[in-house]
Structure formats: C-alpha cells, structure tokens
Amino acid sequence: MAEDDLIERLLGIEPGSPLAALRLQREAIRRHAQGAWRELVLPETPGGVSHAERAALALFVAQRGGDAALIAECRTILATTGTPPAGPRTELLVRYAEMVAEAPECCGQADIDALAAQGMSPQDIVAVTQLIAFVPFQIRLLAGLRAMQEEQAA
Amino acid sequence: MTRFTMEEVSWEPRIPPVEAESATPEQLAALEACPPAQRRSTYFLTLAQDPASLGERGALFNNVMYAARGLPRAERELATTVVSIVNGCIYCTSVHARRFAELTREPAEMQRLLEEGIGTDLSPRRRAIVDFAAKLTAEPGAIGAADLKPLREAGLDDLEVLDLIHSIAMFANANRLMQSLGRSIAP
C-alpha cells in the first residue's frame, strides 16, 4: 500500500483528480514533504526529543497558524503519543516554538543555550527547530492548494 | 536605508556545525541530498546535526528550487526573495536576490526592489508573483481563489502556480531555520 500523503488526505484530494495528477508532476516534492513530516514527528528513533514532545510542538505551531485540518491531525497524533510531562523543559520548548514560529528574528544565542541547559544536544536542538519550522511550510502549502481547489470548483 | 542587500552576507551558527572530516555516514548521506553547491556550507553542516530531518528536507528544498520545467528559476528566486524580505531574513534575502540578479542579468531591478520595497514598479507578471508571495507568507488563512486570478491573468499555468506555492512555503521554513539556528552578519 502506498504511504499516506498527509496533505492530500487533509485536503480531500482524490487519486486521479486533476490536482492529484498535478502533484505527481512534482512527485519528489510530494514524497519528501511527507518524508520530512514522518522524520520530524514520528521518527523510528526519536533520540533526545520524545514522540510526545514532537506531537505537542507540532500541535502548538499548527494552532498558532490556525489551520483547522492540521490542528485536528496533530491532536490525533498527540492522542497516540500522550502529552509530554508538565515542567520547565516542556514550558521552554513551547516558548521556543512560539518564537521560531511567530518571531524568529527575535531568537538569540541565549534561547539556544537555554535549550542546551535542559540537556538537549545539538541534534535535539536541530530536530525541534526543523519540526517547528516545518509546520509553517505545511500551513502555506495547504492554503495554496486549497485556493487551487476553490479555483477548480468555480 | 534598507537593511537588505545583494552583497554577500555571512551566517554564524548558534550551535556547532558538523565537521565534514568527522561526519557520520548518516550525516554524509543527508548532505548528499542537498543542493550540490551548498552542501558543504556552514548552514547545511549545522542542519546535518540531525541527519534524518536534513535528508528529507534537503531533498525537498532541492526539488522546490531546481526541479526542471514549470516556473522559471528566476521567478522562484524572486518569490523566495520576497518571502525572505517579509520575514526579515537578511541572509536568505541576500542569497536569493543575488541569484535572481544572476539569472535575469537585471541587478538594477532587484536593487530597486530591495531599496524601495516590494511595492516597487514591476511588470504585471512579476507584480502578480510578488503580491501572491507576500500574502501567502503573511496571511495564509486569507488566501483564496481570487488571489490566483492575477497570476492566471499574467499567464501562469497550473504547474507554475504549484511551483510558486512550493517556493513560498519552503521559505516559511528556510527563513525560520536560518534566523533561529544562527545569525546574519552584514558585509
């Protein structure tokens, strides 16, 4: 069975439809957008950032972006991973997510050092930053494709 | 005075990049997926700290910016420059403004855009691309079919519109990575 495609599932793009065919003209983009989501949110080896933390951060950024379909998807994933434990580390991660998603130009060395002080390795810091920065990509891809769907329906 | 420039801006990471000589096989494989000209840059070596995400994301980026046919490369560079300006990423703006200038041989046009801002006088096709890039970046929730109309009137076909959406979305990601994991150092 073909791998799930999150974007097409959330938008209800049917196999064989004009938009599905168009996306297949950029098959590598479709495949790697899905692959990035998998590696960021549900990697086989999550390393120093748990699946629960990853799901909670994805949900938080999706909520800030206001995409209802993506929010619902993140809630479903979070229901399977469980929520991360309340505490200073989770609070710090959420504050970092807010900054990277909403005001990345405000980020400074102290913000990165604070993550390291919570025991996060360079790999963990890159992983959470990649995850937080990937959701804004998805939000704009979903919004653009929705506009194309709307155009085709008219 | 604009803060944006086409000159070389450097970028200093806030975490140590991977050293090419001591990189693991996973890190080297992930770097191979990235654009050839940039895979030994400090930025990609920093992202290589997490090879699983870099491998997928690097391949995604490479295809968004360089896949054959569809939206001309110069117009992808125009869109990503505009996204970078809206997001305030000085480093990304400099890189992609320079690529636009090289591809079009119109450095004066890009310099004017950097100095006067994205509202500067442009051809109808470039105007449509710039406006769509700015709006999808700043207000993704407000984008609808009406926003595609100027692109269609300027002659963009379906694949070109899809490529434009991919380019704009990619830089919502790239600008955030670049601004949080390091800082731009102006010339």
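The legends below describe close-up views of a predicted model with chains A and B.

**Figure 1. Overall build of chain B in the predicted model.** Chain B holds nine helices and two strands. Read from the N terminus, its elements follow the order β-α-α-α-α-α-α-α-α-α-β. The radius of gyration of chain B is 17 Å, close to the 16 Å that the globule rule gives for 187 residues, so the chain is as compact as a globular protein of that length. The C-alpha trace spans about 50 × 35 × 30 Å along its principal axes. Of the 187 residues of chain B, 53% count as buried. When contacts in chain B between residues at least 6 apart in sequence are considered, 74% join residues at least 24 apart.

**Figure 2. The contact between chain A and chain B.** On the two sides, 42 residues of chain A are in contact with 42 residues of chain B. Two or more residues on the chain A side come from each of α3 (27-41), α7 (109-117) and α8 (122-153) of chain A. Among these elements, α8(A) gives the most, with 21 residues. Sorted by class, the side of chain A that touches chain B comprises 26 nonpolar, 10 polar and six charged residues.

**Figure 3. The two assigned domains of chain B and their contact.** The domain assignment of chain B places domain 1 at residues 10-66 and domain 2 at residues 73-173. The C-alpha centres of domain 1 and domain 2 of chain B lie 25 Å apart. Four residues from domain 1 of chain B and five residues from domain 2 of chain B make up the contact. On the domain 1 side, helix α3 (residues 51-66) of chain B gives the most, with three residues. That side of domain 1 has four nonpolar residues, no polar and no charged.

**Figure 4. Packing of helices α4 and α9 of chain B.** Helix α4 (residues 73-86) of chain B packs against α9(B) at an angle of about 40°, and the two axes are 9 Å apart. The crossing of α4(B) past α9(B) is right-handed. From α4(B), the residues B:R76, B:A79, B:T80, B:V83 and B:S84 take part. They meet B:D163, B:L164, B:S167, B:I168, B:F171, B:A172 and B:N175 in α9(B). By class, this contact of α4(B) with α9(B) has six nonpolar, four polar and two charged residues.

**Figure 5. Surroundings of B:L181 in helix α9 of chain B.** B:L181 is found in α9 (residues 158-181) of chain B. B:L181 is buried because 26 other C-beta atoms lie within 10 Å. Leaving aside neighbours within four places in sequence, B:L181 contacts A:V126 and A:T129 in chain A, together with B:P13, B:R14, B:I15 and B:T46 in chain B. The C-alpha atoms of B:L181 and B:R39 are separated by 17 Å, with these positions 142 residues apart along the chain.

**Figure 6. Surroundings of A:I77 in helix α5 of chain A.** A:I77 belongs to α5 (residues 68-81) of chain A. With 17 other C-beta atoms within 10 Å, A:I77 is partly exposed. Not counting residues up to four places away in sequence, A:I77 touches A:V41 and A:A55. The C-alpha atom of A:I77 is separated by 8.9 Å from that of A:A56, which is 21 residues apart from A:I77 along the chain.

Notes
Residues are numbered from 1 along each chain as its sequence is written. Chains are lettered from A and ligands numbered from 1 in the order in which they are written. This is a predicted model: local features need pLDDT of at least 70, side-chain atom pairs count only at pLDDT 80 or more; totals for chains, interfaces and linings use all residues. Two residues are in contact if their C-beta atoms, placed from the backbone, lie within 7 Å. Helices (H or I, at least four residues) and strands (E, at least two) are DSSP runs, numbered from the N terminus. Ala, Val, Leu, Ile, Met, Phe, Trp, Tyr, Cys and Pro count as nonpolar, Asp, Glu, Lys and Arg as charged, and the others, Gly among them, as polar. Domain bounds come from an automatic or database domain assignment. A residue is buried if 20 or more other C-beta atoms lie within 10 Å of its own, exposed if 12 or fewer, and partly exposed in between; C-beta atoms are placed from the backbone. The radius of gyration is taken over C-alpha atoms; the globule rule is 2.2 Å times the number of residues to the power 0.38. Axes are lines fitted to C-alpha atoms, for helices over the stretch in contact, and angles run from 0 to 180 degrees between N-to-C directions. A crossing is left-handed if the near helix is turned anticlockwise from the far one by less than a right angle, and right-handed if clockwise.
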